[in-house]
Amino acid sequence: MNSHESFGGDSDPQICRRLSRGSYVPCASPERPDLFPPVNSKMRLFRLLAAMSASTLFSTMLTAQKPMPTQIKLLTLLGRPLQLAAAEKLDLFSEFGVAVQTENSANSQELRDKLAAGNGDLAYLAVDNAVAMVDLAQQDVVIVMGGEGSQNELIAQPEIKAIKDLRGKTLIVDAPNTAYAVQLKKILLLRGLEPGKDYEIKPVGATPQRLIAMRENKSYAASMLGPPSSIIAKREGFVSLAAVAASIGAYQAAGFFAERKWAQEHRGPLTSFLAAIIEAQRWLVAPANKNEVLALLTKEAHLAPEVAAETYENSMTKPGGFAKDAAFDLKGFQNVLKLRAEIEGSWGGHPPAPDKYYDPLFYEEALAKLKSKP
């Protein structure tokens, strides 16, 4: 028997091996590795290389088994939604197995056209646009989650002191028959002013573009603006004539919607995306994260620190801002439908049930994913 062999490291050192008649030597042990010479160096190298190859092969197999993230193209107006920036900062999309690409549009009509043409998967926009797509464009669209209420204000040129001073003026909007234009018409109607009779409406584009237009063209008397544009406008001397919360009440503003067929065929990735957004929104509104959120606001929207601070207070702590858990405000959406019926004459003045446009199951599945998260 070769004297270089041993019984292994867990052998009792008192047990002996017979080498010749009446001759014994102790077995190797962890305490006395010096009792036997080391294994041949070539053999050790061979074993090391074999172990490394096996490890590399195992890692490759694990990588091959890990599914590639599902790509989702999100359509937005100018800029990125803050929830999206937060989700990226926290690496939530990767965690939930999705990869998100965003594409901006200059106005809501352009965005709706892209979604209808299949040039985007999902939209983040005032959900009244989803209603318009269903009823005006006959697109089978479904709202899958909320996000924000409305903190819009009717902002006017500095010389205009009251709503009555808007008579005979031009007011600017994004699109003339959806969302915030409907808000504007309702607020003016409460003061006895009717569109086309007492004032004119001109489509200009998304909120930041409307503020720029009002700066550059003083004949644009007023528009509906929300934070941070409304905050910037008031700091520049523009006047707030009315607020949505006081004039109209609860209002479901921005939310997520998609073509129903796409949503059903991509239910898993969609609800994973929604789960990531919910978690991001929870992070945004948590007081402990205030300083980080302020830094994110400043970076994403290119805001002065004082404007970022006021935007944070409005959006994160006051009604009409970011909704808890990105929940859909059913009462606020019923108000959206009621306003369309009243102001635009939709459905013969009798709004339909919300479930024609909103399916809560996608949101509920997203919440379930968060609850089951390790």
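Two strands count as paired here if DSSP finds at least two bridges between them. On that basis, five strands of this predicted model form an open sheet in the order S9-S8-S10-S7-S11, with mixed pairing. Another open sheet, also mixed, has the strand order S4-S3-S5-S12-S6. The points below cover both sheets, the helices against them, the cavities, helix H2 and one buried loop residue.

**Sheet S9-S8-S10-S7-S11**

- The edge positions belong to strand S9 (200-203) and strand S11 (239-243). Each has a single partner strand, so one side of each lacks a neighbour in the sheet.
- On average, neighbouring strands of this sheet are turned by 30° against each other, direction ignored.
- Strand S7 (residues 153-156) and S11 run antiparallel and are joined by four bridges. Across this pair, Leu 154 stands opposite Ala 242 in S11.
- Helix H7 (residues 207-216) packs on the sheet and touches S7, S8 and S10. The direction of H7 makes about 155° with that of S10.

**Sheet S4-S3-S5-S12-S6**

- Strand S4 (98-104) and strand S6 (141-145) stand at the edges. Each pairs with a single partner strand, so one side of each is left without a neighbour in the sheet.
- Neighbouring strands here are turned by 35° against each other on average, direction ignored.
- Strand S5 (residues 122-126) pairs with strand S12 (residues 254-259) in the antiparallel sense, over four bridges. Tyr 124 stands opposite Phe 256 in S12.
- Helix H11 (residues 267-285) lies across strand S3 (70-76), S4, S5, S6 and S12. H11 runs at about 40° to S6.

**Cavities**

- Rolling a probe the size of a water molecule over the atoms shows where empty space is left.
- The count comes to two cavities of 30 Å³ or more. The largest cavity has a volume of about 40 Å³.
- Which residues line the largest cavity? They are Ile 172, Val 173, Asp 174, Tyr 180, Ala 181, Leu 184, Arg 210, Ser 223 and Met 224.
- The lining divides into six nonpolar residues, one polar and two charged.
- Strand S8 (170-173), helix H6 (179-189) and strand S10 (220-225) each supply at least two lining residues. H6 gives the most, with three residues.

**Helix H2**

- Helix H2 (residues 82-89) is mostly covered, with six of its eight residues buried.
- The buried residues of H2 are Leu 82, Gln 83, Leu 84, Ala 85, Ala 86 and Ala 87.
- Just after H2, Asp 91 takes a positive phi of about 60°.

**Asp 359**

- Asp 359 sits in the loop between helix H14 (330-344) and helix H15 (361-371).
- Is Asp 359 buried or exposed? Asp 359 counts as buried because its relative accessibility is 18%, and buried means under 20%.
- Leaving aside neighbours within four places in sequence, Asp 359 is in contact with Val 142, Ile 143 and Val 144.
- Asp 359 and Phe 257 are 102 residues apart along the chain, and their C-alpha atoms are separated by 9.9 Å.

Notes: Residues numbered from 1 in each chain as written. Predicted model: local features only at pLDDT ≥ 70, side-chain atom pairs only at ≥ 80, totals over all residues. Heavy atoms only, no water. Buried < 20%, exposed > 50% of the residue type's maximum accessible area, 1.4 Å probe, protein only. Axes fitted to C-alpha atoms, helices over the stretch in contact; angles between N-to-C directions. Contact = heavy atoms within 4.5 Å. 1 Å grid on protein atoms, 1.4 Å probe; cavity = no way out; pocket = protein on both sides within 12 Å on 5 of 7 lines; lining within 4 Å. Points joined across faces, edges and corners; volume = space filled by probe spheres on them. Nonpolar A, V, L, I, M, F, W, Y, C, P; charged D, E, K, R; others polar.
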